[in-house]
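This report is an introduction for a reader who meets the structure for the first time. It begins with a term that the later reasoning needs and then moves from the chain as a whole to single residues.

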Amino acid sequence: MAVSPAFSICQCEFSSPLRFIPRKKARPLFSNLQDGSEQPSSEPAAIELEFLGPDGKGDVLKTSVKSGEKVLRNVMRENKLELYGLYGKLMNCGGGGSCGTCIVEILEGQELLSQPTSAEKKHLKQKPGTWRLACQTIVGDKSNAGRVVVQRLPQKKK
Ligand code: FES
């Protein structure tokens, strides 16, 4: 009479209780920041801005901003550029798009700016197509780069 063993060793591959599956070696998160050997991700593109005075020449200011990060009104305020005429100085809405007093003219680089908003379409209906509201205009789209020339206070241009 044959006696069955207490244990049997099964040769099939699915019954093994301890089966280790080799895994890929884990990489630490932010490995590029730990050893400093790799370059950080590329910087956003830059938009070069040039601001002309109300007469279309004279006090030119040049600056640069990261594409898609700033509204034109904020760029002008940071650079202490006069944006408003007399009425706008007293009555502007603070960048809400409701007063229509922050008008600029884009002489070059219109394609590098955001599309006109409904507030701009409303306030600039009868104005030249190159006029924009600075508080509604985003400079760049995070990927484009180039040069934008802005005429301040185009209402005063003769
Ligand atoms: S600041 Fe009022 S519309 Fe731009």
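A residue counts as buried if 20 or more other C-beta atoms lie within 10 Å of its own, as exposed if 12 or fewer do, and as partly exposed in between. By this scheme Glu82, with 15 C-beta neighbours inside 10 Å, counts as partly exposed, because its number falls between the two limits. Glu82 is found in the loop between helix 2 and helix 3, and although Glu82 and Gly53 are 29 residues apart in sequence, their C-alpha atoms are 9.0 Å apart in space.

The model described here is a predicted one. The average pLDDT of the protein chain is 83, and 71% of the residues reach a score of at least 70. Residues 29-38 have a pLDDT below 50, and beyond near neighbours in sequence this stretch has 2 contacts in the model. Where pLDDT is low, the predicted coordinates should not be read in detail.

The protein chain contains 4 helices and 7 strands, which follow one another from the N terminus in the order α-β-β-β-α-α-β-α-β-β-β. Of its 158 residues, 22% count as buried. Among the contacts between residues at least 6 apart in sequence, 63% join residues that are at least 24 apart.

In what order do the strands of the open sheet stand? The order is 2-1-7-4-5, with 5 strands in mixed pairing. Strand 2 (61-66) and strand 5 (131-133) stand at the edges with a single partner strand each, so one side of each has no neighbour in the sheet. On average, and with direction ignored, neighbouring strands of this sheet are turned by 35 degrees against each other.

The pairings can be followed through the sheet, and the table sets out three of them.

| Strands | Direction | Bridges | A facing pair |
|---|---|---|---|
| strand 1 (residues 46-52) and strand 7 (residues 146-152) | parallel | 6 bridges | Leu49 and Val148 |
| strand 4 and strand 7 | antiparallel | 4 bridges | Glu105 and Gln151 |
| strand 4 (residues 103-108) and strand 5 | antiparallel | 3 bridges | Ile103 and Leu133 |

Strand 7 thus takes part in a parallel pairing with strand 1 and in an antiparallel pairing with strand 4. Within the first of these, Leu49 stands opposite Val148, while in the second Glu105 stands opposite Gln151. Strand 4 also pairs with strand 5, where Leu133 is the bridge partner of Ile103.

Two further residues deserve a careful look for their backbone angles. Lys80 has a positive phi of about 55 degrees although it is not a glycine, and Lys80 lies in the loop between helix 2 (72-78) and helix 3 (86-91). Is Lys80 buried or exposed? Lys80 has 7 other C-beta atoms within 10 Å and is therefore exposed, since the limit for that class is 12 or fewer.

Leu153 likewise is not a glycine and has a positive phi, in this case of about 45 degrees. The place of Leu153 is in the segment after strand 7. With 18 C-beta neighbours inside 10 Å, Leu153 counts as partly exposed, because a buried residue would need 20 or more.

Definitions and conventions:
Residues are numbered from 1 along each chain as its sequence is written. This is a predicted model: local features need pLDDT of at least 70, side-chain atom pairs count only at pLDDT 80 or more; totals for chains, interfaces and linings use all residues. Two strands pair if DSSP finds at least two bridges between them. Helices (H or I, at least four residues) and strands (E, at least two) are DSSP runs, numbered from the N terminus. Axes are lines fitted to C-alpha atoms, for helices over the stretch in contact, and angles run from 0 to 180 degrees between N-to-C directions. pLDDT is the predictor's confidence in each residue, from 0 to 100. Two residues are in contact if their C-beta atoms, placed from the backbone, lie within 7 Å.
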